[in-house]
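Let's take a walk through this one together, starting with the DNA and ending with the sheets. Keep the picture open as you read.

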2 protein chains.
Amino acid sequence: MEPRQGAQAIRRALAVLRILAAGREDGVPLAEVVRATGLTRPTVHRIVHVLIEEGIVERHNKTGRYAIGNQVPELALARPRPSRLLVAANPSLRRASAEIGDTLFLTARTGNDTLCVDRRIGIYPIQVLSIEVGARRPLGVSSAGVAILAAMPAPDARKIVAANEKRFAAYQTDAATVLGQVTAARKRGYNMREIGLVQGTKSISTWIKTPDGQPAAAMTVSAVRTRLGPRREQEVAEILLREARTIEQAIGG
Amino acid sequence: MEPRQGAQAIRRALAVLRILAAGREDGVPLAEVVRATGLTRPTVHRIVHVLIEEGIVERHNKTGRYAIGNQVPELALARPRPSRLLVAANPSLRRASAEIGDTLFLTARTGNDTLCVDRRIGIYPIQVLSIEVGARRPLGVSSAGVAILAAMPAPDARKIVAANEKRFAAYQTDAATVLGQVTAARKRGYNMREIGLVQGTKSISTWIKTPDGQPAAAMTVSAVRTRLGPRREQEVAEILLREARTIEQAIGG
DNA sequence: AGTCGCCTGTCCATAATATGGACAAGAACG
DNA sequence: CGTTCTTGTCCATATTATGGACAGGCGACT
């Protein structure tokens with residue numbers, strides 16, 4: 001039922017926008033958009049420049065990179081209320097952050113991407129702050145992304161990984177590696193990765209499912225590796241798993 | 001140089017989105033979108049439904065109305081920093097709100113629309129709260145919209161009014177009325193309207209220009225009419241004009 | 001009951017639109 | 001000064017989006 005047709009151009013424009021969103025403030029060079037979307041360069045060029053004329057995309061004069069423009073947040077103002085997930089997760093994040101003391105991330109799934117929607121900084125003096133609220137990555141690249149893939153039926157996860165394959169190269173990974181990590185996480189009950197995006201960091205992620213069983217988000221703790229030995233990993237994982245279940249209750253009710 | 005071509009569909013989709021944004025949470029019926037955009041119904045229908053599949057638009061099951069979807073704020077997260085205008089206007093709004101005591105609105109121009117970007121509630125016990133942050137209207141409909149039109153060269157204003165003409169009917173006005181109000185505001189140096197959107201309210205708006213002379217926003221005070229007699233109108237207008245100039249300085253520097 | 005008015009959704013032949021191969025030109029590098 | 005990277009533009013082509021026409025649903029009025 002999905003593939004309604006007669007709007008190829010619109011779908012393509014949105015694909016471009018989502019790639020640009022992953023580039024955040026700095027934006028993305030045209031060639032990168034071409035690679036990530038699999039479209040031809042003239043097509044991407046045309047789309048991007050029309051979006052610039054419409055105020056949806058901006059071009060940074062210095063770097064020549066393209067980024068999400070002004071009008072997108074303006075359109076977003078039409079939706080005033082904060083998301084259900086954010087409200088439901090708030091007390092759990094506060095509790096877990098106080099208990100653990102390391103940086104805590106809440107990461108939602110949106111299409112084939114993960115999107116960091118909340119971050120809590122702990123009290124421990126060394127904090128991993130690599131990821132900001134708004135950060136967006138292909139599902140499978142980050143610890144949270146692997147956790148979310150692990151929480152869905154294997155065929156669905158494979159489909160998403162295949163769809164994101166072109167984008168993995170930019171993050172120094174590939175489909176096979178990702179699928180391996182997903183399998184490991186599924187066995188373990190949560191995801192753990194020894195080598196975080198920043199050297200010397202370690203991450204633990206648990207998934208959060210909606211009432212219909214689809215994964216909606218992940219909760220992640222990142223810390224310097226030395227602070228997450230096997231024993232503490234166990235402790236932290238238990239807290240995260242407990243709070244993940246609490247959030248699931250809150251969404252369901 | 002503007003009209004780059006080869007993307008009619010994308011432009012149309014954005015036109016639809018902007019109309020939907022004006023409908024806020026409640027959304028807009030399809031027929032209204034058709035009227036406001038001047039597109040044919042099959043075209044709008046197709047665009048809207050593709051945008052639904054893409055998560056950009058939502059349809060309220062009860063009412064059948066279409067509204068801006070979840071993914072728009074998600075894309076907007078790619079632009080973390082608050083707008084320049086909001087930062088620059090903050091102290092002025094605080095000051096003016098304390099001094100005046102009635103509700104104060106900051107309204108920006110975006111394309112052919114006005115967008116309420118900030119609101120300060122005063123200390124006087126009766127406050128006009130008709131407009132929320134995020135409210136969007138065709139330029140010319142609201143007091144702020146007329147002020148912004150009055151601040152630009154007459155031919156530009158006429159062009160915008162012509163472009164919005166189809167949408168005026170939904171707000172019980174028309175191009176001729178709007179142009180009359182604009183002329184009056186231009187003579188007066190600020191805009192005043194005796195009959196606000198809500199019965200019995202009166203509004204005063206001043207415009208704020210960017211360094212290049214284009215109007216960027218308007219500052220508006222709304223109050224019950226009895227509270228804004230000729231004498232107080234004068235006082236309030238002076239405060240608003242003073243703060244408008246202050247904001248212009250802050251943007252320029 | 002019928003009929004009018006206004007709404008949403010769908011079909012498909014057609015024409016207009018978006019496409020992408022090919023070309024051009026600038027920048028960074030050795 | 002060739003090589004390889006990038007971004008931008010042209011235009012003949014066929015793919016894609018278009019909109020007139022048709023269909024069905026709902027509520028109001030008679």
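**Two DNA strands and two sheets**

Start at the surface near DNA strand C, where the residues divide into 8 nonpolar, 7 polar and 6 charged. Bear in mind as you look around that this is a predicted model. Which residues come nearest to DNA strand C? Of the 21 residues around the strand, they are A:Arg46, B:Gln8, B:Ala9, B:Arg41 and B:Tyr66. Both protein chains appear in that list, with A:Arg46 from one and B:Gln8 from the other.

Now look at which part of the DNA is being touched. Among the atoms of DNA strand C within 4 Å of the protein, 63% belong to sugar or phosphate, and bases make up the rest. A few polar contacts fill in the picture. The side chain of A:Gln8 has an N or O atom 3.1 Å from a phosphate oxygen of DNA strand C. B:Gln8 uses its backbone instead, with a polar atom there 2.4 Å from a phosphate oxygen of the strand. B:Leu30 also has a polar backbone atom by a phosphate oxygen of DNA strand C, this time at 3.0 Å. If you'd rather think in elements, those giving two or more residues to this surface are α1 and α3 (41–53) of chain A, along with α1 (8–22), α2 (30–37) and α3 (41–53) of chain B. The most comes from α3(B), which gives 4 residues.

Next, swing over to DNA strand D. Here 21 residues surround the strand, and A:Gln8, A:Ala9, A:Arg41, A:Tyr66 and B:Arg46 come nearest. Sugar and phosphate make up 64% of the atoms of DNA strand D that come within 4 Å of the protein. By class, the surface near DNA strand D has 8 nonpolar, 7 polar and 6 charged residues.

What does chain A offer to this strand? A:Ala7 has a polar backbone atom 2.8 Å from a phosphate oxygen of DNA strand D, while A:His49 brings an N or O atom of its side chain to 3.4 Å from a phosphate oxygen. A:Gly6 goes for another part of the DNA: a backbone N or O atom of this residue lies 3.5 Å from a sugar or linking oxygen. At least two residues each come from α1, α2 (30–37) and α3 of chain A and from α1 and α3 of chain B. This time α3(A) gives the most, with 4 residues.

Since helix α1 of chain A keeps turning up, let's give it a proper look. How far apart are its end C-alpha atoms? They are 22 Å apart, which agrees with the 21 Å that the 15 residues of this helix (residues 8–22) should span at 1.5 Å a residue. Its buried residues include A:Ile10, A:Ala13, A:Leu14, A:Leu17 and A:Ala21. In an α-helix there are 3.6 residues a turn, so residues three or four places apart point the same way. Just after α1(A), A:Arg24 takes a positive phi of about 55°.

Now move on to the sheets, starting in chain B. Its open sheet has 6 strands in the order β5-β4-β3-β8-β7-β6, with antiparallel pairing. The edges are β5 (136–138) and β6 (191–193), each with a single partner strand, so one side of each has no neighbour in the sheet. On average, neighbouring strands here are turned by 25° against each other, direction ignored.

Is strand β3 of chain B mostly covered or mostly open? Covered: of the 8 residues in β3 (residues 103–110), 7 are buried. On one pairing, 6 bridges join β3(B) to the antiparallel β8 (residues 215–224), with B:Leu104 opposite B:Val221. Another pairing, also antiparallel, links β3(B) and β4(B) over 7 bridges, and there B:Ala108 has B:Leu115 as its bridge partner. The hairpin of β3(B) and β4(B) has 2 residues between the strands, and B:Gly111 takes a positive phi near 60° in this hairpin. From β4 (residues 113–120), 3 bridges lead on to β5(B) in the antiparallel sense, with B:Asp113 opposite B:Pro138.

Finish in chain A, where an open sheet of 6 strands has the order β5-β4-β3-β8-β7-β6 and antiparallel pairing. Follow it to β6(A), which 3 bridges join to the antiparallel β7 (residues 201–209). There, A:Arg193 stands opposite A:Ser203.

Key
Residues are numbered from 1 along each chain as its sequence is written. Chains are lettered from A and ligands numbered from 1 in the order in which they are written. This is a predicted model: local features need pLDDT of at least 70, side-chain atom pairs count only at pLDDT 80 or more; totals for chains, interfaces and linings use all residues. Side-chain values use heavy atoms; hydrogens and water are left out. The expected span of a helix is 1.5 Å times one less than its number of residues. Buried means under 20% relative accessible area, exposed over 50%, partly exposed in between (1.4 Å probe, protein chains only). A residue is near a molecule or strand if one of its heavy atoms lies within 4 Å of it. A polar contact is a pair of N or O atoms within 3.5 Å; within protein, one must be able to donate a hydrogen and the other to accept it, and residues adjacent in sequence count only if both atoms are side-chain atoms. Ala, Val, Leu, Ile, Met, Phe, Trp, Tyr, Cys and Pro count as nonpolar, Asp, Glu, Lys and Arg as charged, and the others, Gly among them, as polar. Two strands pair if DSSP finds at least two bridges between them. Axes are lines fitted to C-alpha atoms, for helices over the stretch in contact, and angles run from 0 to 180 degrees between N-to-C directions.
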